[in-house]
Amino acid sequence: MPISDLVTSVAQVRAFDSGSEICKATGFWYELEDKLFFITNRHVVVDESENHSPDELRLLLHTDSGDVRRNNDYLIPLYSNGKPSWREHPVHGPDVDVVAIPVDKSEVEGIFFIKPLGPANHIPKDVEVPIGADVQVIGYPLGFHDEVHNLPIIRNATIASVYPVPFGGKPYILVDARLHSGTSGSPVMTKPTTNVTHSDGSVSMHNVAVSFFVGIHSA
């Protein structure tokens, strides 16, 4: 049963504190310079204002590319020797609601079936993303998903601020969508298309539909 690479870049997050589940969210895999990271919102791993401080994340991942019904848990400790295992924005820190958690590739590759996003998925500088452009948010709203096949839900949204101008001077843009708790940490992607419009007005044609990474949902 072939499935899109995009959905195997995403995983449901269950956050645990001392063995008890305290919340659900979404995250995704990202590979940079041969290093593997799991990306989600900062408020998923720590939220000082809510006294939220899990010690572990659990992801249910596919183990067989030919049978998406086969899955197993992968555990991500959030602390090592009392220090956080995640990385925050090097300049804005907690003001950017995103963390990157380094993952040992040997613990994942050949064991789980994942397809990380990477720099090649970013929007090219000359590709036009107009206000009102259709995007998709891929995640697990309220924990709801295809539990038999461990597959996420895709929600439609539109770009609601001028891309890529930081809204109000802060490092984010707005999307307009009906989203729910549990979608935190979801990747936001342009809708797959074979026609890509460039800033000079030209249009390039692709043999297969392409989808670009816009950002990470946080709310």
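This is a chat about the fold, cores, salt bridges and surface of a predicted model.

Student: Before we start, what kind of model is this, and how are residues numbered?
Tutor: It's a predicted model, where local features need pLDDT of at least 70 and side-chain atom pairs count only at pLDDT 80 or more, while totals for chains, interfaces and linings use all residues. Residues are numbered from 1 along each chain as its sequence is written, and side-chain values use heavy atoms, with hydrogens and water left out.

Student: OK, how many helices and strands are there?
Tutor: The protein has one helix and 15 strands. Those are DSSP runs numbered from the N terminus: helices are H or I with at least four residues, strands are E with at least two.

Student: And what's the radius of gyration?
Tutor: It's 17 Å, which agrees with the value near 17 Å for a compact globule of 219 residues. The radius is taken over C-alpha atoms, and the globule rule is 2.2 Å times the number of residues to the power 0.38. Along the principal axes, the C-alpha atoms fill a box of roughly 55 × 45 × 35 Å.

Student: What share of the residues is buried?
Tutor: 42% of the 219 residues. Buried means under 20% relative accessible area, exposed is over 50%, and partly exposed is in between (1.4 Å probe, protein chains only).

Student: Which residues touch the most other members of the largest nonpolar core?
Tutor: Trp29, Leu59 and Tyr74, out of 23 residues in that core. Elements giving two or more residues to this core include strand S1 (10-17), strand S2 (20-32), helix H1 (42-45) and strand S5 (71-77). A nonpolar core here is a set of buried Ala, Val, Leu, Ile, Met, Phe, Trp, Tyr and Cys residues joined through side-chain atoms within 4.5 Å. There's also a second, separate core of 13 residues, with Ile123, Val129, Ala133 and Val214 among them.

Student: Back to Leu59, what does it touch?
Tutor: Leaving out residues up to four places away in sequence, the contacts of Leu59 (heavy atoms within 4.5 Å) include Val13, Trp29, Phe38, Tyr74 and Ile76.

Student: Switching to charges, how many salt bridges are there?
Tutor: A search of the whole structure gives eleven, each a side-chain nitrogen of Lys or Arg within 4 Å of a carboxyl oxygen of Asp or Glu. In one of them, Arg14 pairs with Asp73, and the closest N and O atoms are 3.2 Å apart.

Student: Where do Arg14 and Asp73 lie?
Tutor: Arg14 is in strand S1 and Asp73 in strand S5, so the pair ties together parts 59 residues apart in sequence. Asp73 is partly exposed at 35% relative accessibility. Arg14 and Asp73 also join Glu21 and Lys24 in a network of salt bridges.

Student: What about Arg69 and Asp67, buried or exposed?
Tutor: Arg69 is exposed, at 56% relative accessible area, but Asp67 is buried at 19%. Their side chains meet in a salt bridge at 3.0 Å, N to O.

Student: Which residues form a nonpolar patch on the surface?
Tutor: Ile131, Val162 and Val165, with about 270 Å² of accessible area together. Patch residues have over 30% relative accessible area and no salt bridge, and nonpolar side chains are joined within 5 Å. Areas come from the Shrake-Rupley method with a 1.4 Å probe.

Student: And where's Ile131 found?
Tutor: In the loop between strand S8 (99-103) and strand S9 (134-139). Ile131 is exposed, with a relative accessible area of 55%.

Conventions
Patches are made of residues with over 30% relative accessible area and no salt bridge: like charges are joined within 9 Å, nonpolar side chains (Val, Leu, Ile, Met, Phe, Trp, Tyr) within 5 Å.
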